Structures are given as C-alpha cells and as structure tokens.
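Student: Before we discuss this model, could you show me the sequence and the coordinates together, and then let me ask how each label is justified?

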Amino acid sequence: MPYAITLIPGDGIGQEISSAAIRVIEATGVKIDWDVQEAGLNAIEKYKDPLPQAVIDSIAKNKVALKGPLTTPIGTGFRSVNVALRKEFELYSNLRPAKSFDGIRSRYQNIDLVIVRENTEEFYSGIEHYVDAKRSAAETIGIVTRTGSERIIRFAFEYARSHGRKKVTVVHKANILKYTSGLFLDVARNMSKEYPDIEMNDKIIDNMAMQMVINPYQFDVIVTTNLFGDILSDLASGLVGGLGIAPGANLGYNTAIFEAVHGSAPDIAGKKIANPAAIILASAMMLEHLGETDAARRIEVAVAAVIKTGNKVTKDINPDHFVTTDEMADAIIENL
Ligand code: NAD
C-alpha cells in the first residue's frame, strides 16, 4: 500500500526543488500518495491564510510531511509558518547533519557532524512585543523548560548511541544567560551520567563558532538551544560546501516534517538553477524514517555519485560547468 504523505511544495525555489525530489523518490519505486497542500505566501494568495487548517489536518492525519521552503517576511507581516508547524506538532528535535561530499569545493573534506537543535522553545516561542506605543523598546522572552531541555538532550545522546557516534557537545551561553542556558547545561550534565559510553563536553556559543571554523573535526553530535542551533547549522553547512546540500528533519513524538536547511532563495527563484540535493537528501531521511532504508541509501549514494562526477550539478557546486535543477535530478535518477 502506498504511504500517504503531506507535500508542501513551498514558495521561491520550493516548487522547482520539490518536484525534483518527488521524481527521485518515485524512481526508487517507493509508492507515495502525495497530499499536496499550500502554505505560506501561496496560501495567503489563495486563502488569505499562511497556514490553512487543511494543512494542519493533513499532517495530523498522515504524520509525515515533505516540505519545501517557505518565505517569512522580515520584521513585519505574518509569523513564520515553519515555526508554527514545529510548535503545532511539537516537533522538538531539528536534526541537521553536515557531511562532506567528494567533488564539492569547500574549506574542509571528510566532515561528518550532526547538529541537534531544540526546535520549539527559547527565542522562537513567539512571545515578543514593543514595550510602548512609540516603539521605543522591544522585548522578546526566551523560555527554556526542564522538560524541553531533557527531551532534546536525551534525543542527542540516544541518537549518538544508536548511530555509533562517540561524543556529544552541548552548546550554551550559561556564563551570561545564567538561567535559560544554565538550565540547559545543568540538564545535560546530569543526563550525561546515564550515558557513560558517550563522551560529553560543553562549549560557550561564541567560542563554539570559532572552534567549528578552526577545527570542525573535534565535533561529532552537537546539541543546543533553538537560536544557537539555527545559526550553527548554517555555519556547519558552510563548512561542507553550502546550503544546497544540507538536509534537515523536524521530529516529534509521532509526527515528522522533512525539509532542506535552506530557505526559499528568492534571489534565484524561477531561474532553474537551485540545487535540489538538500531536499532530495531530506527525502532520503524521510524514507529512512518510513523504514525504506534501502531506497534511502540508494538516494544518498546517487547524490554523492553525481556530485563527485561534477558535470551534472547546479551552479552553486560547479560555477564553470553547470546544469539545471531538473537535469541534476535526472542525473541522480540515472545513478539510482
Ligand atoms: P536562503 O537559505 O533562502 O538563501 C541563502 C543563500 O543561499 C542565497 O544566496 C540563496 O540563493 C542560496 N541558496 C539557498 N538554497 C539554495 C539552493 N537550493 N541552491 C542554490 N543556492 C541556494 O536564506 P535567506 O535568503 O536568508 O531566506 C529567504 C527566505 O527563506 C526568508 O523568507 C526566510 O525566512 C526563509 N527561510 C525559510 C526556511 C524554511 O522554510 N525552513 C529556512 C530558512 C529561511
């Protein structure tokens, strides 16, 4: 029986890369009934609502979604649909692997680290306002809970254990944010006692940013709060060659949404030059989640082969000799 899965194609480059991902998944032979839903800018145009109830109902029913990027207006306008979905389905864990591919010109080779970002709390709680009518000051409240910290830190340790990883680095700012970051670090230190087989250390965020650039090989699994995780995962994708190859999974207790780390890239939307690899690799993570391990591996191997060969890749990977989004997807399909 085919899997029923919600598809939110997204806006900007969303449509281009999502359709490429669907073709690749189809080519693996895994059968999926896509329930296509509009959210974000497209849904505002059609339904005057960035997150229509139909989208929520569809994900609630199917429990798994593949999502293209959604634009969030800066400063003004509607709140992030991405954040709203993570909160709605308690997708507390944002898993963002950063892995080197042969054939990508990047600062480092052989990087293989995983960022586990807390996905629902702290400065993304959406509790913010101007303090007066003149807008002379603004306040954002970042809430970190013991329960929220425990579940994400446990996720990181369990992930490390089940994936043969040796070390968990906890990133915080507990020297200044003594309560929020302090609580997170306290939970991690206590929980590490339950995982004597996994080394744990901690780093203050500013030092961490420098250490990742100077020597990323010292890290394995990194777990951190929402805002730091958001920033560090882009930094990590920069280490391995950019956002075009960085996939992510938003995981909760019984629901999962898979997407690329990158956004809607309005600067290249419609030009057919967006790299589809990130959402294709996110699709592989989705297939793995569904238990379709063989199809997932085939996709990963095919993406790696196309990137290594280097003549059927998008402009971000090979600016001297590049193909379109669809042509790169075709090459991946040929290599499956
Ligand atoms: P972005 O990730 O969209 O783009 C950053 C840079 O990377 C741009 O130069 C872009 O061209 C390039 N890039 C991104 N994806 C690429 C790809 N697949 N192939 C080739 N190049 C790629 O970040 P931004 O410009 O800061 O954000 C644009 C919009 O996306 C904003 O509205 C933001 O809120 C939204 N966003 C959404 C998500 C999401 O849906 N999960 C994540 C991040 C940002």
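Tutor: Let us start with Lys63, which sits in the loop between helix 3 (53-62) and strand 3 (64-67), bearing in mind that this is a predicted model.

Student: Why is Lys63 called partly exposed?

Tutor: Buried requires a relative accessible area under 20% and exposed one over 50%; Lys63 has 33% relative accessibility, so it counts as partly exposed. Its backbone deserves a remark too, since phi of Lys63 is near 70 degrees, a positive value in a residue other than glycine.

Student: What makes Asn110 exposed?

Tutor: Asn110 has a relative accessible area of 64%, and exposed means over 50%, so the label follows. Asn110 lies in the loop between strand 4 (93-99) and strand 5, and it has a positive phi of about 60 degrees although it is not a glycine.

Student: How do you know that Thr120 is buried, and what does its side chain contact?

Tutor: The relative accessible area of Thr120 is 12%, which is under the 20% limit, so Thr120 is buried, although it is found in the loop between strand 5 and strand 6 (122-130). Its side chain makes a polar contact of 2.7 Å with the side chain of Glu118, and a polar contact of 3.4 Å joins the side chains of Thr120 and Arg151.

Student: What makes the 3.4 Å pair of Thr120 and Arg151 a polar contact?

Tutor: A polar contact needs a pair of N or O atoms within 3.5 Å, with one able to donate a hydrogen and the other to accept it; the distance is 3.4 Å, so it passes the cut-off. Beyond neighbours within four places in sequence, the residues in contact with Thr120 include Arg86, Glu90, Tyr92 and Asn226.

Student: Why does Asn201 count as buried?

Tutor: Asn201 has 18% relative accessibility, and the limit is 20%, so Asn201 counts as buried. Asn201 lies in strand 9, its side chain makes a polar contact of 2.8 Å with the side chain of Thr169, and, not counting residues up to four places away in sequence, Asn201 touches Lys167, Val168, Thr169 and Val170.

Student: Which residues of helix 7 are buried, and why are they said to line one face?

Tutor: In helix 7 (residues 205-214), the buried residues are Ile205, Met208, Gln211 and Met212. Seen down the axis of helix 7, these buried residues fall within an arc of 115 degrees, so they line one face of the helix. In general, an α-helix has 3.6 residues a turn, so residues three or four places apart point the same way. The cover over the buried residues of helix 7 includes strand 5 (112-118), strand 8 (167-172), strand 9 (199-204), strand 10 (221-224) and helix 8 (226-240).

Student: What makes Thr147 exposed?

Tutor: Thr147 has 55% relative accessibility, which is over 50%, so Thr147 counts as exposed. Thr147 is found in helix 5 (residues 146-162).

Student: How do you know which residues surround the ligand?

Tutor: A residue belongs to the shell if one of its heavy atoms lies within 4 Å of the ligand, and 21 residues surround the ligand, the closest being Thr72, Gly263, Ala265, Asp267 and Asn275. This shell divides into nine nonpolar, seven polar and five charged residues. A polar backbone atom of Thr72 is 2.8 Å from an oxygen atom of the ligand, a polar side-chain atom of Glu259 lies 3.0 Å from a nitrogen atom of the ligand, and a polar backbone atom of Gly263 is 2.7 Å from an oxygen atom of the ligand. Taken alone the ligand exposes 810 Å², and the protein buries 69% of that.

Methods. Residues are numbered from 1 along each chain as its sequence is written. This is a predicted model: local features need pLDDT of at least 70, side-chain atom pairs count only at pLDDT 80 or more; totals for chains, interfaces and linings use all residues. Side-chain values use heavy atoms; hydrogens and water are left out. Buried means under 20% relative accessible area, exposed over 50%, partly exposed in between (1.4 Å probe, protein chains only). Helices (H or I, at least four residues) and strands (E, at least two) are DSSP runs, numbered from the N terminus. The arc is that of the directions from the helix axis to the C-beta atoms. Contact means heavy atoms within 4.5 Å. Accessible areas come from the Shrake-Rupley method with a 1.4 Å probe; for residues, only the protein chains shown count as cover. Ala, Val, Leu, Ile, Met, Phe, Trp, Tyr, Cys and Pro count as nonpolar, Asp, Glu, Lys and Arg as charged, and the others, Gly among them, as polar.
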